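Let's take a walk through a protein model together. Keep the picture beside you and look up each residue as its name appears.

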Amino acid sequence: MAACGVGLLTRLSLRVQRSQVQRPLRRLLSCPGTVAADLRREEQSSGNAETGSEDRTPKKRFSEVQNERREQAQRTVLIHCPNNINEKKFLKFLSQHGPINTHFFYESFGLYAVVEFCQKESVTSLQNITRTPSLGPEAAIPFKSRYFNLKLRTSVNQTSELSSIQCSNQSSPSSKKLYQLLCCAESVDDQLNTLLREFQLTEENTRLRYLTCSLIEDVAAAYFPDCAVRPFGSSVNSFGKLGCDLDMFLDLDEIGKFTAQKTSGNFLMEFQVKNVPSERVATQKILSVIGECLDQFGPGCVGVQRILNARCPLVRFSHQASGFQCDLTANNRIALKSSELLYMYGALDSRVRALVFSVRCWARAHSLTSSIPGAWITNFSLTMMVIFFLQRRSPPILPTLDYLKTLADAEDKCIIEGHNCTFVRDLNRIKPSGNTETLELLLKEFFEYFGNFAFNKNSINIRQGREQNKPESSPLHIQNPFETSLNISKNVSQSQLQKFVDLARESAWILHQEGKDRPSPSSNQPWGLAALLLPSVTNNVPLSKKKKKPASERIKNLLDSIKSSGAENSTATNGRRAISTQA
């Protein structure tokens, strides 16, 4: 993962010249009114997240974005190209099958092109002139997909004709580059926004994710016509970073549904189907077949594992062409609803995503999170903690889920497996927050708030936006927003939670000290967010000494004294009162 190497920052030279840092230029090919153009406008507006000022352009619903992206992916093809391809001739060749809306190149086990046509018929036309390769002594399994391999008829030297092909970046910045960018930022707010820009999914990467789902849908549709394979989680909730896994689910709900209630006399037609003991058994059988099909016939699908006895059965595989690690589940509609909720929270205020990305990067740098399942805090839990913290500000930056439910109308009503997942889906009906706190203040207060949170007795609940008594003895309790009886952080151990608390207190202390005496840019010292990503002294304390936590308690007491002594001055200066962070 990209952030895991941040701890190596201390090995890098502290002498960073501003002139040495070059921000990458991203080529975004899009037409006005497309999803790409909308995303570009949103990225431009997200550059100013200091006071929560928002773009007043009407925002699209999550379902609208999903449908547009899916339709866009259905007009798109993936082509493995030779390295000496001439871009102009390549596009001229494809244009014989219809006008091209947009395209880009990227590298992953070779050179690939993602090409979106303006009409679906163009894809069919291209498929009709494509042949099954001849492999000599080996046999090819014929499969008519939208994943092609382009070969040149002759190996003529095209050196003089080659055009410079710019490849889209599909990976996060290196630790060295991130460090340089953060040290050269103008403020802590600028640092958080810089980290967001460098780590967030690009337009090209988002297109590639939807295209990958669409290619898997083509395979599943051979068994289940009218099915849909939809991405969920970090790929669509606006909190995904470059390199994150691709979660997708096979949606079979539309199969066999009436488009209109039409009956003829006393007759009603039903499909003949196989019956199984339970929905879980049906899911296992469906995923078993799809997994086998991907393994045997799916172009580019490797390392297929059918994990059918998990709490949520899934098929795990690598999509070689895109480079994504993929998890495929079936009818996981609650997960998609959670993705929609996070998408809405991320769109309501530009500070939300910047704060979440920075907290996640900080946690990864200190090994609080891990890509390996275990007793660590997850990114989802950290996101819930940030949302909860922002609900607790005065005035609140984000509304509670219960409040979003009161704004819902009949069209928004949603019950999934007996769980009430209702909330308003129209972002334009939610009044923006009047809170104007800076990202620097919010980051500092986040660490202070959870450094002093009474985890031993209180739980985190974004439905109501307030602490509640823990219903169980788990060290960390964060209520699932929809399946309210579940604790999304049940896996977290006491030692990992204590490590989080210690690091939060230490980070709050660092930011407080910098607020008094910030290093000058010419001092060549890491500052702000860059200082928080350096290895902590807490990590070097032996476990036997950590039990007493003298440093953590001392930092807590110092923070309390700073807070109490500066309360009057802060109120007089800022004209507002920060919420209490005492547990």
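We will begin with confidence, then visit some cavities, two helix crossings and two spots in the backbone.

What you see is a predicted model, so a good habit is to check how confident the predictor was, which pLDDT reports on a scale from 0 to 100. Here the mean pLDDT of the chain is 83, with 77% of the residues at 70 or more. Among the elements, helix α11 (residues 379-391) has the highest mean pLDDT, 98, while the lowest, 41, belongs to helix α16 (residues 543-546). Two stretches call for caution. Residues 1-37 have a pLDDT below 50, and in the model this stretch has 86 contacts beyond near neighbours in sequence. Residues 539-550 are also below 50, with nine contacts of that kind.

Now let's look inside. Rolling a probe the size of a water molecule over the atoms shows where empty space is left. In this model the count comes to four cavities of 30 Å³ or more. The largest cavity has a volume of about 80 Å³. Which residues line the largest cavity? To find it, highlight Phe-143, Ser-145, Arg-146, Tyr-147, Leu-215, Ile-216, Asp-218, Val-219, Pro-299, Cys-301 and His-319. Helix α7 (residues 203-220) gives the largest share of this lining, four residues. Sorted by class, the lining has seven nonpolar, two polar and two charged residues.

The second largest cavity holds about 70 Å³ of space. Its lining includes Gln-66, Arg-70 and Ala-73, along with Tyr-210, Glu-217 and Val-229. Three elements give two or more residues each to this lining: α2 (62-74), α7 and β5 (228-232). Once again α7 supplies the largest share, four residues. By class, you will find five nonpolar, two polar and three charged residues around the second largest cavity.

Next, see how some helices meet. The axes of helix α6 (residues 188-199) and helix α13 (residues 439-451) come within 7 Å and cross at roughly 85°. Because of that angle, α6 counts as roughly perpendicular to α13. On the α6 side the contact is made by Val-188, Asp-189, Leu-192 and Asn-193, and on the α13 side by Leu-439, Glu-440 and Leu-443. This contact brings together four nonpolar, one polar and two charged residues.

The helix α2 that you met at the second largest cavity takes part in another crossing. Its axis and that of helix α9 (residues 333-348) come within 10 Å and cross at roughly 110°, so α2 is roughly perpendicular to α9. Phe-62, Val-65 and Gln-66 of α2 touch Leu-336, Ser-339, Glu-340 and Tyr-343 of α9. By class, the contact has four nonpolar, two polar and one charged residues. Notice that Gln-66 is also in the lining of the second largest cavity.

Finally, let's zoom in on the backbone. Most residues other than glycine have a negative phi, and most peptide bonds are trans. Where can you find a cis peptide bond here? Look between Ser-394 and Pro-395, where omega is about -5°. Pro-395 lies in the loop between α11 and α12 (401-406). Asp-226 is worth a stop too, with a positive phi near 75°. You can find Asp-226 in the loop between α7 and β5, two elements that also help line the second largest cavity.

Technical notes:
Residues are numbered from 1 along each chain as its sequence is written. This is a predicted model: local features need pLDDT of at least 70, side-chain atom pairs count only at pLDDT 80 or more; totals for chains, interfaces and linings use all residues. Side-chain values use heavy atoms; hydrogens and water are left out. Contact means heavy atoms within 4.5 Å. On a 1 Å grid over the protein atoms alone, a cavity is a set of points where a 1.4 Å probe fits but cannot get out, and a pocket is an open set with protein on both sides within 12 Å along at least five of seven lines; lining residues have an atom within 4 Å of a point. Grid points are joined across faces, edges and corners, and a volume is the space filled by probe spheres set on the points. Ala, Val, Leu, Ile, Met, Phe, Trp, Tyr, Cys and Pro count as nonpolar, Asp, Glu, Lys and Arg as charged, and the others, Gly among them, as polar. Axes are lines fitted to C-alpha atoms, for helices over the stretch in contact, and angles run from 0 to 180 degrees between N-to-C directions. Angles under 35 degrees count as roughly parallel, over 145 as roughly antiparallel, 65 to 115 as roughly perpendicular and the rest as oblique.
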